[in-house]
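Student: Pick one part of this model and go through it closely with me, please. I'd like to see how the pieces around it fit together.

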Amino acid sequence: MRKYRIVIVGTGRIAAVHARSVHRSPSLELAGFVDTVAASSLPSHWGVPCFPTLGEAAGAVVPDAIVIASPTDTHVSYLALAVDLGLPALCEKPVARDRRSIEVAMDIVSRSGLPVILGFHRRFDPMRREVQNRIAAGGIGKTEHILQLSRDVSLPDRRVSAHQGGIVADMVVHDLDELLWLVGRQPDRVHARLDRNVDAGLVEIGDHDTVSLQLEWNDGPVAHVSATRRAVHGFEQRLEVFGSAGRLVCDDPRISCVRLDSAQGTYLDRRHAGFGERYRDAYQAEIDHLADLLRCGGDPFCSLEDGLNAFDLVERVVDAAQ
């Protein structure tokens, strides 16, 4: 069976996650990386070349598609290059930091007819997909309340935080996109509070480490989001959807599902250490979806339009917190 050749743009942490997923796919082959600055050890780890430009990579290894895992400010330019080269793409979120740039990217991609997947990984998580499917099938009746808990283990390095656009745009955007996916439309009202409970020094870069949100739809539901950059008990992202005929609870999987009960008490294994481990299946599903589009065609499950809708809600949250 022919394998489709994939080039990953970027050599950082999220590029490593995607490289592992490409490697695990029976339909794909990791052909190389692109890094215009200074590549990490990632290319040598996988035994593939790293190129300074996408054009050079395309000429040397002739990829069938690319994964854009580079800094946000480069996403639109790489999408334009991918279109020029006739390459489908999986692009990490966010598409861009401003609405106009997202609209430009959407126009470029729309006119090309090429499939571009946006990497909101929760939409690809098997457990979150089951929640969405059960809601859509009417399994809990009318949705009345949604509770999301989103807790990272620790703050990212300050040098990284300074370029992420703030906790809402970088972290809470996943909760917001999930709400738009579950409910299907923008909320009518947004209430927001941003705090610095972990690092008061974040004021120097205009960032926060704690977020509390209430989002309301006129005909229901009401959603509450609690997010923080510090959780000593481990990475946590839990979801509850309450309806007129029942509720759906999506707990975090443990590293091991084995529970020890003894005279000394009950022991459960720890939570996963971070998003890469917790959402390994979701990232694999993203890459598998790319392989399916290359093989069979079709429309992306998550599109740049979804990225625009999430961007608009991020802006509303930030404005509400002022």
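**A sheet and its surroundings**

Tutor: Let's start with one pair of residues: Ile-146 has Ala-223, in E10, as its bridge partner. Keep in mind that we're looking at a predicted model. That pair belongs to a longer match, since strand E7 (residues 143-151) and strand E10 (residues 222-228) run parallel and are joined by seven bridges. In general, the strands of a sheet pair through backbone hydrogen bonds, and they can do so parallel or antiparallel.

Now zoom out. E7 and E10 sit in an open sheet of six strands, and if you read across it the order is E8-E9-E10-E7-E11-E12, with mixed pairing. The edges are strand E8 (189-195) and strand E12 (246-250); each has a single partner strand, so one side of each has no neighbour in the sheet. From one strand to the next, the twist averages 5°. Packed on this sheet is helix H11 (residues 304-320), which touches E8 and strand E9 (210-216) and points at about 65° to the direction of E8.

A good residue to stop at here is Pro-187, in the loop between helix H8 (167-183) and E8. Its relative accessibility is 3%, and because of that it counts as buried. So what surrounds it? Beyond its neighbours within four places in sequence, Pro-187 contacts Leu-180, Leu-215, Glu-216, Trp-217, Leu-313 and Arg-316. Put those on the map: Leu-180 falls within H8, Leu-215 and Glu-216 within E9, and Leu-313 and Arg-316 within H11. For a sense of scale, Pro-187 and Asp-251 are 64 residues apart in sequence, with 25 Å between their C-alpha atoms.

H11 turns up again at a pocket. The second largest pocket holds about 240 Å³ of space. It is lined by 13 residues, and the closest to its centre are Val-109, Ser-110, Leu-114, Pro-300 and Ser-303. Helix H5 (99-112) and H11 are the elements that give two or more residues to this lining, and H5 gives the most, with three. Sorted by class, the lining has seven nonpolar, four polar and two charged residues.

One last pairing to set beside the parallel one: strand E13 (residues 259-262) and strand E14 (residues 265-268) pair antiparallel over four bridges. Asp-261 has Thr-266, in E14, as its bridge partner, and two residues make up the hairpin connection from E13 to E14.

Notes. Residues are numbered from 1 along each chain as its sequence is written. This is a predicted model: local features need pLDDT of at least 70, side-chain atom pairs count only at pLDDT 80 or more; totals for chains, interfaces and linings use all residues. Side-chain values use heavy atoms; hydrogens and water are left out. Two strands pair if DSSP finds at least two bridges between them. Axes are lines fitted to C-alpha atoms, for helices over the stretch in contact, and angles run from 0 to 180 degrees between N-to-C directions. Contact means heavy atoms within 4.5 Å. Buried means under 20% relative accessible area, exposed over 50%, partly exposed in between (1.4 Å probe, protein chains only). On a 1 Å grid over the protein atoms alone, a cavity is a set of points where a 1.4 Å probe fits but cannot get out, and a pocket is an open set with protein on both sides within 12 Å along at least five of seven lines; lining residues have an atom within 4 Å of a point. Grid points are joined across faces, edges and corners, and a volume is the space filled by probe spheres set on the points. Ala, Val, Leu, Ile, Met, Phe, Trp, Tyr, Cys and Pro count as nonpolar, Asp, Glu, Lys and Arg as charged, and the others, Gly among them, as polar.
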